[in-house]
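Visitor: I have the sequence and the coordinates open, and I would like a tour. Could we go through it together, one question at a time?

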Amino acid sequence: MAKCVGICFGMGVAILFVAAAGYGATITVDSDTDDGTGGCTLREAVQAANTNSASGGCAAGSGSDTIVFDEALTGSTITLTSDENTAYGPSALEISSNVTIDGVDAPGL
């Protein structure tokens, strides 16, 4: 029994460490604009996730992030209007990290 305590405890710590290494931030979009004014926009949330640093009104990303939408955006429309010139078009969102975009909290968005 004493052997199992030491081995089992060591395995538990290793499993916790591995699970924590893949943990990411939850970034909440609370603005339906794309001009960077007020709150956290979808474009700023993607930027925060890509760079693991705060962007505009968004919290910093950290690893494999999840972008969610505030329930106040239910029924809103987010129109990507930025004139950033990217390789994918003037209003494209460039995602360069592991990101999950979850819209369950704002149905009809």
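Visitor: Is Arg43 buried or exposed?
Guide: Happy to start there, with a predicted model in which local features need pLDDT (the predictor's confidence in each residue, from 0 to 100) of at least 70, side-chain atom pairs count only at pLDDT 80 or more, and totals for chains, interfaces and linings use all residues. Residues are numbered from 1 along each chain as its sequence is written, and side-chain values use heavy atoms, leaving out hydrogens and water. Buried means under 20% relative accessible area, exposed over 50%, and partly exposed in between (1.4 Å probe, protein chains only). Arg43 has a relative accessible area of 11%, so this residue is buried.

Visitor: Which residue forms a salt bridge with Arg43?
Guide: A salt bridge here is a side-chain nitrogen of Lys or Arg within 4 Å of a carboxyl oxygen of Asp or Glu, and the count comes to one. In that pair the closest N and O atoms are 2.9 Å apart. The partner, at 10% relative accessibility, also counts as buried: Asp34.

Visitor: In which loop is Thr41 found, and what is its relative accessibility?
Guide: Helices (H or I, at least four residues) and strands (E, at least two) are DSSP runs, numbered from the N terminus. Thr41 lies in the loop between β1 (26-29) and α2 (42-51). Leaving aside neighbours within four places in sequence, Thr41 is in contact (heavy atoms within 4.5 Å) with Val29, Ser31, Thr33, Gly36 and Cys58. Thr41 counts as buried, because its relative accessibility is 1%.

Visitor: Which element gives the largest share of the largest nonpolar core?
Guide: Such a core is a set of buried Ala, Val, Leu, Ile, Met, Phe, Trp, Tyr and Cys residues joined through side-chain atoms within 4.5 Å. This one has 14 residues, and those touching the most other members are Ile27, Val29, Leu42, Ala45, Cys58, Ile67 and Phe69. Two or more residues each come from β1, α2 and β2 (65-69). The largest share, five residues, comes from α2.

Visitor: Which strands stand at the edges of the sheet?
Guide: Strands pair if DSSP finds at least two bridges between them. The open sheet has three strands in the order β1-β2-β3, with parallel pairing. Each edge strand has a single partner, so one side of each is left without a neighbour in the sheet; these are β1 and β3 (99-102).

Visitor: What is the bridge partner of Val68 in β3?
Guide: β2 and β3 run parallel and are joined by four bridges. For Val68, the partner in β3 is Asp102.
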